[in-house]
Amino acid sequence: MAPPRILLCGDVLGRLNQLFKRVSSVNKSAGPFDALLCVGQFFPDSSDLLEEFTDYIEGRSDIPLPTYFTGDYGAGALKVLSAATRDPVNLGFKMEGLRIRENLYWLKGGGKFTLHGLSVVYLSGRHSTSSQQFGTYSQDDVDALRALAEEPGIVDFSLTGHTNEWPSGVTNGAVTSDLPLGVFDSYGSSSTVSELVAEIKPRYHVAATKGIFYAREPYTNVEAVHITRFLGLAPVGNKDKQKFLHAISPTPASIMAASEIGMKTTNTTLFPFSSVEKATHTTDGAPKRSSDTASDSQYWRYDTSQKRQKHGDSDGNKLCFKYLSSGSCDRGEKCHFQHNEGARDQYLSGVCFDFLIKGKCERGPDCAFKHGAEEEGNSFPSRRPRSGNANSERSRDCWFCLSSPSLESHLITSIGEHYYCALAKGPLVEDHVLVIPIEHIPTTLLSSPECETELIRFQNSLKMYFKNQGKEAVFFEWVFKRGSHANLQAIPILPSRVSAIQDIFNLAAQKLGFKFMVIKNDDSSEGRKMLQMKFDRKCSLFYVELPGGTILYHLVDENEKFPTQFGREVLAGLLNKADKADWRNCKLSKEEEEKTVGNFKNRFKEYNPNP
């Protein structure tokens, strides 16, 4: 397959007629090209060009090929970009760009995404410590990009780094006779960008804002075999007719041979940011990154064995959960538990699970299910009013209720008294686990102390299991106030990515216009207790439990649009698996799921808290 063909452009300054006329001409004569990437200021300098600019934004003029821009400042920017952030199509953590209209995408803040196989890292605007919504990037953006670059191997795949500012010192060691006038001006240069580029090591680095064209000789990188090519582009329509559009057709590093990646040209110079490189190392020579300081084998049954043994009950008096939930049991006559058809019929009709198994329910009138086969509607005298069989209907429709025909019981890996574990449908990664309350409740934060103890036991078991696999556990939950059945998701993460997790979640929050509240506690159970005290049941909530005990949480306002798959989307970006952000893209066949569950249960056997 031929490598992708990309057009690069400097400051557009709202001159879209001139830009797209040139792009169409080049595309016709030398194309077709796959995308146009614009760096520097995209919006007009003044309102004079707003009418022309708005024609493209509102769809009255055509954009000839997919166009991505970074410089989110200038006349009209506030109106256009505010509308884009409110557009439902842009909900979620979209590092691949927010859609403005067909063929036009805004690369907001900082991020990393894949474009036609090319790994693209970008930083939009100018560095600022203010909370200005558009036109600037923050230290959080910088730290997040450093975090994205932290895993070995990923840096080598970053093909294009986009920033609006030139890196300070980029001309060090370059051939002076090739330097254009204005290249030494401090305006449009940033030491922050120098540090970031030295760490990310892109194969191609493109910048604008200095008003000149400059193609630097390739330079070597520290602790990397590939070279970096820096390209400074002039503004569209500049008076000196300096080059503002540049064509490139690089082969993605991910499919290149090691010998190709390490090739150097005869004019390659030494690394120009030597002072930066020294500053990013400690006195003992060890690398230092700023992000470092930023902050079943169980057979399926309802496990009441210990309680029943205290009362002298035998296994023969217990109901087989596998049969109860699915109507079949692969152990057949060898099963030690009852295959009771009458109990299964009651189970499917919405009879309370505790009542069915134990003969009583400690929730009493607060229970959402029937306490007997004869009970219908609100016939239980002290129960809260409900219409018809609404709760049993809810149970039948719920994906996670054990009494529901919709439950895919073959995904279940372990069952306790109050919680059970199952592998995720459409997993983000291998060993993507859900911890689910048996009771139909909207969040695990509403669990009783006894239930919470069992939840912590499940979490600790998963942490130990992941640790043995050489990974760390990240837990997150989306709590929708009108939601149904809670599930706490557990994702294993490589240790090399752990320091990046908080940065990447903070970056995602910034892109959605909010800031996480933080609970710091070495004991995750104590941290959850603190979160429970802060949780307002009148609103929705998202929280994530990081390795080490820190909890990030956000209380979602009534009118706030919050993506339901936020946690998964963020971690998909962190793990460079953007194509798996939607679980529907990751679905397996039932046979594949059963095989995956079997393998997991074998590995998890010694850690299972409910053997």
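## Two buried residues and a helix pair

At 2% relative accessibility, Phe230 counts as buried, a word that here means under 20% relative accessible area, computed with a 1.4 Å probe on protein chains only. The structure is a predicted model, in which local features need pLDDT of at least 70 and side-chain atom pairs count only at pLDDT 80 or more, while totals for chains, interfaces and linings use all residues. Residues are numbered from 1 along each chain as its sequence is written, and side-chain values use heavy atoms, with hydrogens and water left out.

Phe230 lies in strand β16, residues 227-232, where strands are DSSP runs (E, at least two residues) and helices are such runs too (H or I, at least four), numbered from the N terminus. Setting aside neighbours within four places in sequence, Phe230 is in contact (heavy atoms within 4.5 Å) with residues including Trp166, Val170, His205 and Tyr214.

Asn608 is found in the segment after α17, and its side chain reaches the backbone nitrogen of Asn610 at 3.0 Å.

| Residue | Relative accessible area |
|---|---|
| Phe230 | 2% |
| Asn608 | 6% |

Turning to the helices, the axes of α14 (residues 495-512) and α16 (residues 566-574) come within 10 Å and cross at roughly 125°. The two helices are therefore oblique to each other, a class for angles that are not under 35 degrees, over 145 or from 65 to 115. Among the residues that meet are Ile501 and Phe505 in α14, and Val570 and Leu571 in α16. By class, this contact has eleven nonpolar, one polar and one charged residues, with Gly counted as polar and Arg as charged.

Technical notes
Axes are lines fitted to C-alpha atoms, for helices over the stretch in contact, and angles run from 0 to 180 degrees between N-to-C directions. Buried means under 20% relative accessible area, exposed over 50%, partly exposed in between (1.4 Å probe, protein chains only). A polar contact is a pair of N or O atoms within 3.5 Å; within protein, one must be able to donate a hydrogen and the other to accept it, and residues adjacent in sequence count only if both atoms are side-chain atoms.
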